[in-house]
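Colleague: I should like to learn how to read the features of a structure that is new to me. May we go through them one by one?

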Amino acid sequence: MSMGMPRPRVTGAMLANFTGSTVCVAGQIVEVDNVSRQWVRIETGDGTAVMCRMTMGDEFELADGFVEVLGTVTDPKSMETQFYLTLGADFDLEQYDTAVKLSAQYPEIFPQRPM
C-alpha cells in the first residue's frame, strides 16, 4: 500500500460513493468466518452491514468488539481489507459516525491527510 494518498474515513452509507477507492470504515463485528477465514461482517454506526474480505490470510484474530478496517471498496456493501485495527469492546461507534459525517460536511476544517 503506497503512502501519500488520503484514505477518507466513511460511514456505511457513504461506501457507494467510493467504489474502487481505498477508505477506512469502523463497525461492530457481527460475524467472523472461522471456516474459510476469509470474511468478517461488520455493522457500521449507521446500521449498514459490510462484508470485509480479509486478504491477510490466517493472520487475523477477530472475535468480537469493534474494528476499523482499511481497504478498497468493491461494491456498496463490501470491501477488500488491507489492514485492520481492533478498537476494543467499549468503542463509541455513534460518536465515530458523527465525527465522520462532520469531517465530510466540513472538509475545510477536517482536511484529509495521507495515511
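Modeller: The turns below take up the fold, the core, the cysteines, the aromatic rings and a surface patch, and the model we discuss is predicted.

Colleague: Let us begin with the fold. In what order do the elements of the protein run from the N terminus on?

Modeller: The order is β-β-β-β-β-α. The protein thus has five strands and one helix.

Colleague: How should I read the interior, and how many residues does the largest nonpolar core have?

Modeller: As a general idea, nonpolar side chains in soluble globular proteins tend to be buried together. Here the largest nonpolar core has 22 residues. Those with the most contacts inside it include Ile29, Val40, Ile42 and Cys52. Two or more residues come from each of strand 1 (22-32), strand 2 (39-43), strand 3 (49-54), strand 4 and helix 1. Strand 1 gives the most, with five residues. Across the protein, buried residues make up 37% of the 115 residues.

Colleague: Is cysteine 52 buried or exposed?

Modeller: Buried means under 20% relative accessible area. Cysteine 52 has 1% relative accessibility, so it counts as buried. Cysteine 24 is buried too, because its relative accessible area is 2%.

Colleague: How many disulfides are counted?

Modeller: A disulfide requires two cysteine sulfur atoms within 2.5 Å. By this rule the count is zero.

Colleague: How do I read aromatic rings, and how many aromatic pairs does a search of the whole structure find?

Modeller: The search finds two aromatic pairs. In one of them, phenylalanine 66 and phenylalanine 91 lie 6.1 Å centre to centre, with 50° between the planes, and the pair is tilted. Planes under 30 degrees apart would count as stacked and those over 60 as edge-to-face, which is why an angle between these limits is called tilted.

Colleague: Which parts does this pair tie together?

Modeller: Phenylalanine 66 lies in strand 4 (residues 66-75) and phenylalanine 91 in the loop between strand 5 (78-88) and helix 1, so the pair links parts 25 residues apart in sequence. Phenylalanine 66 counts as buried at 11% relative accessibility, whereas phenylalanine 91 is partly exposed at 26%. Phe66, Phe91 and Tyr96 form one aromatic cluster.

Colleague: Finally, which residues make the nonpolar surface patch?

Modeller: Leu102, Tyr106, Ile109 and Phe110 make this patch of about 360 Å². Phenylalanine 110 is in the segment after helix 1 (93-105). With 38% relative accessibility, phenylalanine 110 counts as partly exposed.

Note on methods
Residues numbered from 1 in each chain as written. Predicted model: local features only at pLDDT ≥ 70, side-chain atom pairs only at ≥ 80, totals over all residues. Heavy atoms only, no water. Patch = residues over 30% accessible without salt bridge, like charges linked within 9 Å, V, L, I, M, F, W, Y side chains within 5 Å. Areas by Shrake-Rupley, 256 points an atom, 1.4 Å probe, with all protein chains shown as cover. Salt bridge = Lys/Arg side-chain N within 4 Å of Asp/Glu carboxyl O. Helix = DSSP H or I, 4+ residues; strand = E, 2+ residues; numbered from the N terminus. Buried < 20%, exposed > 50% of the residue type's maximum accessible area, 1.4 Å probe, protein only. Phe/Tyr/Trp six-rings, centres within 6.5 Å; stacked < 30°, edge-to-face > 60°. Core = buried A, V, L, I, M, F, W, Y, C linked by side-chain atoms within 4.5 Å.
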